[in-house]
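This briefing introduces a molecular structure to a reader who has not met it before. Please consult the sequence and the model shown here alongside the notes that follow.

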Amino acid sequence: MKGSQDHIVTSHVGSLPRPDGLIAAYRAHETGEPIDEKAFEQTLRAAVAEVVHHQHSLGIDIPGDGEFGKPMGQRVNYGSWWRYSWQRLGGLKLDGPNLYDMAARRSGPGEVLLTSFGDRRDRRQFAAAYADPDSGITTGPRPPAPVCCAPIAYTGQQAIQTDIANFKEALKAAGVEEGFMSAVAPGSASRIGNEYYKSEEELLYACADAMREEYKAIVDAGLVLQLDDPAIAENWDMVNPEPTVEDYKKFSMLRVEALNHAIKGLPADRMRFHLCWGSWHGPHMTDIPMRDIVDVMLAINVQAYSFEAGNVRHEHEWKVWQEVKLPDDKLILPGVVSHATNVVEHPELVAERILRFANVVGRERVIASTDCGLGGRVHPQIAWAKLESLAKGAALASRELWR
């Protein structure tokens with residue numbers, strides 16, 4: 001994995017704005033309209049080539065494929081990073097209630113249960129704001145959630161090979177040596193209904209065994225694998241009432257152990273992990289502090305860790321790294337521009353954020369990134385302006401750090 005040897009390397013979290021033609025094609029798929037599959041494949045291939053070229057032209061050192069192979073039929077969509085797995089896992093039926101309308105569940109001492117999205121503590125605390133269509137708090141479509149009704153198995157072989165081929169072709173055309181591809185982690189993939197397995201733990205490990213095939217395919221292709229599991233932090237808000245930190249960490253470590261099981265034997269130096277508190281534009285006053293879960297994150301057997309650090313709810317938490325020692329062989333990808341605001345960060349602010357981390361953990365161990373995916377969350381013009389500011393800020397920081 002490329003590190004910051006002579007300048008601050010730049011990357012991002014994954015999702016980038018899809019072109020209108022690709023969104024329309026996916027929407028046709030969703031509604032069952034007849035489409036020309038060959039034309040769709042050409043549209044997807046061309047879109048991936050363009051998004052890689054665009055990232056490279058802005059100065060992003062480690063680009064992604066924009067998650068363009070993960071279906072998104074709407075401009076505003078916060079769930080494609082996860083929902084794509086519903087189409088790549090066998091044993092599911094897509095006829096459950098949407099995640100907001102599922103029955104609420106209550107946790108108790110020593111028993112942590114995830115409640116529905118609609119029953120999140122942040123949503124209950126700010127119910128009027130969340131219910132106001134003009135408030136700016138939206139997460140896009142709410143499709144029916146899957147229910148596991150048979151043994152989970154990976155069925156996305158053709159899809160992942162198409163994603164890999166399109167991305168590698170785009171990297172070669174742009175003259176880029178290293179790129180990353182994201183995949184949902186078992187902890188998030190298993191947040192579905194269950195009518196087959198005896199326990200949530202059995203379902204979790206079934207997802208881990210199935211998704212391993214996708215993880216291995218990405219690594220074997222010579223790409224960097226990014227494992228997306230915002231649920232490690234985000235689940236805290238889905239536990240009602242608020243649990244003890246001890247109970248929550250125990251609950252989360254089971255998901256970490258399942259992820260480590262899924263990536264066992266894969267090279268740690270080709271993998272990175274993404275943690276966030278959920279990318280919706282809400283108050284986030286019920287987010288768990290970084291200091292309470294940083295050790296849970298560091299227990300994941302990868303080389304690099306991506307996390308929110310430009311979000312105004314979490315920017316101050318860079319100080320955690322003054323207290324917590326980053327293992328010698330690890331890297332961090334702090335977010336220095338955020339998906340949570342339409343304001344484009346000034347390059348000098350971006351540089352300041354980078355310098356904070358570089359001065360604590362060392363310049364060679366920092367890769368400048370985004371808080372979360374930008375696609376589906378901010379307007380395309382704003383998303384690209386943020387990536388440009390990220391690159392310019394990293395250049396300013398590099399001049400300071402390598403002068």
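Strand 4 and strand 6 of this predicted model are joined by five bridges and pair in the parallel sense. They belong to an open sheet of seven strands, whose order is 1-10-9-8-7-6-4 and whose pairing is parallel. Strands of a sheet pair through backbone hydrogen bonds, in either a parallel or an antiparallel manner.

**Strand 6 and its partners**
- Within the pairing of strands 4 and 6, F180 has V224 of strand 6 as its bridge partner.
- Strand 6 also pairs with strand 7 (residues 271-275), in the parallel sense and over four bridges.
- Here Q226 is found opposite R272 of strand 7.

**Burial of strand 6**
- Strand 6 covers residues 224-228, and five of the five are buried, so this strand is largely enclosed by the rest of the structure.
- On one side of strand 6 the buried residues are V224, Q226 and D228, while L225 and L227 are buried on the other.
- Both faces of the strand are therefore covered.

**Edges of the sheet**
- The two edge strands are strand 1 (9-10) and strand 4 (180-184), each of which pairs on one side only.
- For strand 1 the partner is strand 10 (residues 367-370), with two bridges in the parallel sense.
- V9 stands opposite I367 of strand 10.

**A helix across the sheet**
- Helix 14 (residues 380-401) lies across strand 1, strand 9 (331-337) and strand 10.
- Relative to strand 10, helix 14 runs at about 160°.

Notes. Residues are numbered from 1 along each chain as its sequence is written. This is a predicted model: local features need pLDDT of at least 70, side-chain atom pairs count only at pLDDT 80 or more; totals for chains, interfaces and linings use all residues. Side-chain values use heavy atoms; hydrogens and water are left out. Two strands pair if DSSP finds at least two bridges between them. Contact means heavy atoms within 4.5 Å. Axes are lines fitted to C-alpha atoms, for helices over the stretch in contact, and angles run from 0 to 180 degrees between N-to-C directions. Buried means under 20% relative accessible area, exposed over 50%, partly exposed in between (1.4 Å probe, protein chains only).
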